[in-house]
Amino acid sequence: MLLGVTGSGKTFTMANVIQKTNRPALILAHNKTLAAQLYQEFKEFFPDNAVEYFVSYYDYYQPEAYLARSDTYIEKDFAINAEINRMRLSATRSLVERNDVIIVSSISCIYGLGEKKHYEQMVFSLKTNQEIFRDRLLLQLVMMHFTRADMDFPRGSFRVRGDIVEVFPAYEDKNCYRIEFFGDEVERISVIDPLTGRVHERVDELKIYPGSHHVTPEEVRERALLSIAKELDDRILHYKDKKAYAEEIRIKQRTTYDMEMIKEMGFCKGVENYSLHFDERQVGQPPSCLIDYFPEDFILFVDESHQTVPQVRAMIHGDRSRKTPLIEFGFRLPSAFDNRPLSFDEFYEKKNQTIYVSATPNEWEIAESGGEIISQVIRPTGLLDPEIEIRKGENQLDDCINEIAKETKEERRVLVTCLTKKLSEEITTYLKEIGVKAKYLHSDIKTLERMQIINDLRMGKFDVLVGINLLREGLDIPEVSLVAILDADREGFLRSETALIQTCGRAARNINGRVILYGDKITDSMQKCIDVTTTRRAIQAKHNKEHGITPKSTTASSSKSLFAALDIVPKKESVDPKAIEKKIRKLEQAMNKAAGSYQYEEAAALRDQIKTYSNLLLLE
């Protein structure tokens, strides 16, 4: 257990553990934004390692569901982000071929991913002078979920021109491969630019990894179809015994159609619901996930464990409650239950040596650590925890506005936390009316917009950010010198000891940092927060005195560095997803026109612009 205060360098400590142990590492965060920040930091710490980013690849996701009360079936609908999908495939490829792997992941890592043994079996190797029929290679690529695309050439596709086959793997960023045949022999293998065809280098050997995690050898697919057919027969008998004729017809039609698609195409819509059969697992056996791709000696870091551990516990319950009516009313076979995230007990069994990281750990993590708790309460910057002042709740907003004026006069930033979304919006509106530059932040705002808002706060485009609990754990904002917590005496989740300590920590990176708790009484949570802060201040002050340290504010780079780590360059004109998509379509038309006119340099420049705008949607 690493118990560290805000700004004490917990991430740097994690990096040092990885460096000294020299073992693969999985860093688990509870949301995409934190995962992205950690990814950026570890990329800087380990420029030569395979540092990867593994989060959910959906830009939009509407899960399949059935509402029995209104007899409403909701079909699964989604939009996959190609760039995140590339990064996920890159992560598993790195795990298979390298040992210096560091993967920063969200809770997505506990969801079913396809069997590692099938994934490895489908890796295809080629060497120069190797004898192989060209058509054999093409068939293998199709089985690996590559698509043929002779005109356009996106990731995960291949194209053929006589004895030349070009492959653009789904996990590659800028390179694709040209395989040249002489008769039935591989004559030459080249790494090329996917747009211009310019050769970067010649290679003697090439490994092509699958274009999807859900790939299976043909013999496994045939056995899966037999197993699905048997389960279908059993389910039909079940509905006949219950005289549920509508459900009997429904499950027969839907499953038979899916089986035909799998037989002819190798997959169907919702094929993951048959993962039990493809993975050849027993009912109730945990699905394969990202953790299974790691070697046995990997290290797991659970960042912000007080949030992440409860999230891991909760995932399976929501999944099962959604699928129960689907299975009960004949939309899915019972095996769909086994396409699921890991239960907490299963996650616990799969994990290896684990370090829980938090400033406010729960009792479970403390007990799990068995007394092996490392307290990292000294900040290398010498900064003390912010002073906490308690003020009456009466006229709290007016008093807060006076304090805001003092801070903004010194060009410093302020965070104001309240209890509801509506209240945050109303406070922001009122502040704007009286001339205060303010914005609000809550869960209705999309991830990318949140990042932009936080960056604008740091850059001084506005002075006050009004929120609820989104900034308790998250991006560092050293410019914030005042945190005002309204209604601090309203005991509950948002005003618990953990929440208050985390919220106060947002002012712990500025030498002028201070916190005001507004309330008419001192609750137990408030008192514990004050006690913890007072103790930490005393420890830091003693350390500073003994070592002659003069406190100074931290100078973390702006959140633009996060975008840079993910090859994202925010544009000032718009962060609206619809506007971005419209811009991308225009650029694609211009790129295709330039390529058609053999103006390859112009087309390449347009391609890079398309990538920039596409990556703006990465964290959505």
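Which residue in β12 does Val-160 stand opposite? The partner of Val-160 is Val-165. The model described here is predicted.

## The mixed sheet

The two valines belong to a pair of antiparallel strands: β11 covers residues 157-161, β12 covers residues 164-168, and 5 bridges join them. Both strands are part of an open sheet of 6 strands, in which the order is β10-β11-β12-β13-β14-β15 and the pairing is mixed. At its edges are β10 (147-148) and β15 (199-203), each of which pairs on one side only.

## The parallel sheet

Another open sheet is also built from 6 strands, here with parallel pairing and the order β20-β25-β24-β21-β23-β22. Its edge positions are taken by β20 (387-391) and β22 (438-441); each has a single partner strand, so one side of each lacks a neighbour in the sheet. From one strand to the next, the twist averages 20°.

Within this sheet, β24 (residues 480-485) pairs with β25 (residues 514-518) in the parallel sense, over 4 bridges. Val-483 is found opposite Val-515 in β25.

## Helices on the parallel sheet

Helix α12, made of residues 396-409, packs on the sheet and touches β20, β21 (413-417), β23 (464-467), β24 and β25. The direction of α12 makes about 170° with that of β25.

Helix α15, made of residues 497-504, packs on the sheet as well, with contacts to β20, β21, β24 and β25. For α15 the angle is given against β24, and the two directions make about 155°.

## A buried aspartate

Asp-258 is located in helix α7, which spans residues 245-265. Is this residue buried or exposed? Asp-258 has a relative accessible area of 8% and is therefore buried, the cut-off for that class being under 20%.

Leaving aside residues up to four places away in sequence, Asp-258 touches Cys-268, Lys-269, Tyr-274 and Arg-332.

## A nonpolar surface patch

On the surface, Tyr-61, Phe-78 and Ile-80 form a nonpolar patch. Together these three residues have about 260 Å² of accessible area.

One of the patch members, Tyr-61, sits in strand β4 (residues 58-62). The relative accessible area of Tyr-61 is 37%, so this residue counts as partly exposed. That class lies between the limits of 20% for buried and 50% for exposed.

Notes:
Residues numbered from 1 in each chain as written. Predicted model: local features only at pLDDT ≥ 70, side-chain atom pairs only at ≥ 80, totals over all residues. Heavy atoms only, no water. Patch = residues over 30% accessible without salt bridge, like charges linked within 9 Å, V, L, I, M, F, W, Y side chains within 5 Å. Areas by Shrake-Rupley, 256 points an atom, 1.4 Å probe, with all protein chains shown as cover. Salt bridge = Lys/Arg side-chain N within 4 Å of Asp/Glu carboxyl O. Buried < 20%, exposed > 50% of the residue type's maximum accessible area, 1.4 Å probe, protein only. Pairing = 2+ DSSP bridges. Axes fitted to C-alpha atoms, helices over the stretch in contact; angles between N-to-C directions. Contact = heavy atoms within 4.5 Å.
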